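Student: Please take a close look at the nonpolar packing of this model, and say which residues and elements take part.

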Amino acid sequence: MTRVAAVDCGTNSIRLLVADCDPATGELIELDRRMTIVRLGQGVDRTGRLAPEALERTFAACREYAGVIKEFGAERLRFVATSASRDAENRADFVRGVLDILGVEPEVISGDQEAEFSFTGATKELTAHEHLERPFLVVDIGGGSTEFVVGEEHVRAARSVDIGCVRMTERHLVVDGVVTDPPTAEQVAAIRADIEAALDLAAESVPLAEARTLVGLAGSVTTVAGIALELPEYESSAIHHSRISYDQVRAISERMLKETHAERAAIPVMHAGRVDVIGAGALVLLAIMERIGASEVVVSEHDILDGIAWSIA
């Protein structure tokens with residue numbers, strides 16, 4: 001077993017996984033997994049820069065994670081940064097801060113690399129489930145971008161496009177610095193138009209229509225699953241590998257886009273950092289299901305973070 005630590009820093013959240021991995025058997029024993037909403041991508045779509053307060057929130061989480069990594073004695077650490085830090089003019093400030101705190105430079109990976117890690121993390125267990133038809137379409141709906149990956153045991157095609165729950169919310173639902181609550185029909189239509197255009201782009205590289213099993217990753221998908229399952233609190237083990245129908249996703253998407261901030265915040269499985277962005281995230285998932293004609297989505301709690309861990313094991 002090799003003890004590794006993987007950090008995934010996205011547009012909305014930063015996450016840590018400490019695990020013992022055995023590449024020979026494919027066994028991954030999770031020791032610690034945690035997530036912090038830092039909203040690193042705050043304002044990036046509009047300004048092109050990482051906001052000082054967003055950087056400080058991220059660095060505070062890094063300091064917490066440094067203590068956890070030291071406590072467990074991880075032998076190897078890899079820090080991967082995604083969409084927001086790819087886009088920012090001042091990403092050198094971000095790199096310098098992470099290096100000072102954790103002792104490693106964040107790897108600002110490409111969308112294709114991001115997709116590769118997501119696919120590995122999401123499907124390593126599913127390949128043993130013979131009742132799930134191939135190929136898989138893995139969709140990782142992040143804060144700034146969504147990755148589409150088609151493959152069987154290995155990746156066949158991948159594409160990253162700039163639709164994510166934070167990016168769509170900030171682009172279409174923020175007026176004078178305030179999120180419209182609830183959004184208007186015109187705002188929802190504008191988000192939907194962006195999503196459809198991005199799906200057209202994804203389809204140029206990824207054979208979406210060939211997918212037989214849709215696998216959904218990340219907070220927007222897992223939150224929708226938790227709502228569909230009517231969980232009294234967020235329970236990862238109940239959400240992992242749950243199968244949520246198209247009708248459930250449609251109903252929840254419509255509900256999230258009609259409810260007020262207070263109503264969404266009162267949902268037991270809702271993380272405070274997702275209250276304002278879940279409507280856009282659910283709409284991305286719904287549009288994908290409609291595009292490929294999926295009757296259900298298989299939800300995975302194992303994603304890019306697990307793929308990063310395997311890459312260094």
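Tutor: What follows treats the main core, one residue within it, and then a second core. This is a predicted model, in which local features need pLDDT of at least 70 and side-chain atom pairs count only at pLDDT 80 or more, while totals for chains, interfaces and linings use all residues. Residues are numbered from 1 along each chain as its sequence is written, and side-chain values use heavy atoms, with hydrogens and water left out.

A nonpolar core here is a set of buried Ala, Val, Leu, Ile, Met, Phe, Trp, Tyr and Cys residues joined through side-chain atoms within 4.5 Å; buried means under 20% relative accessible area (1.4 Å probe, protein chains only). The largest such core has 51 residues, and L137, F148 and L214 touch the most other members. Two or more residues come from each of β6 (136-141), β7 (146-151), β8 (155-161), α7 (185-205), α8 (219-228), α10 (246-256), α12 (278-292) and β13 (296-299). Helices (H or I, at least four residues) and strands (E, at least two) are DSSP runs, numbered from the N terminus. The most is given by α12, with 11 residues.

Contact means heavy atoms within 4.5 Å. Leaving aside neighbours within four places in sequence, L214 is in contact with L137, V139, I288, M289, I292, A294, E296, V297 and V298. A second, separate core has 25 residues, among them A5, C62, A88 and L102.

Helix α10 also holds S253. S253 is buried, at a relative accessible area of 2%. Beyond four places in sequence, the contacts of S253 are A282, L283 and L286.

Terms used
Buried means under 20% relative accessible area, exposed over 50%, partly exposed in between (1.4 Å probe, protein chains only).
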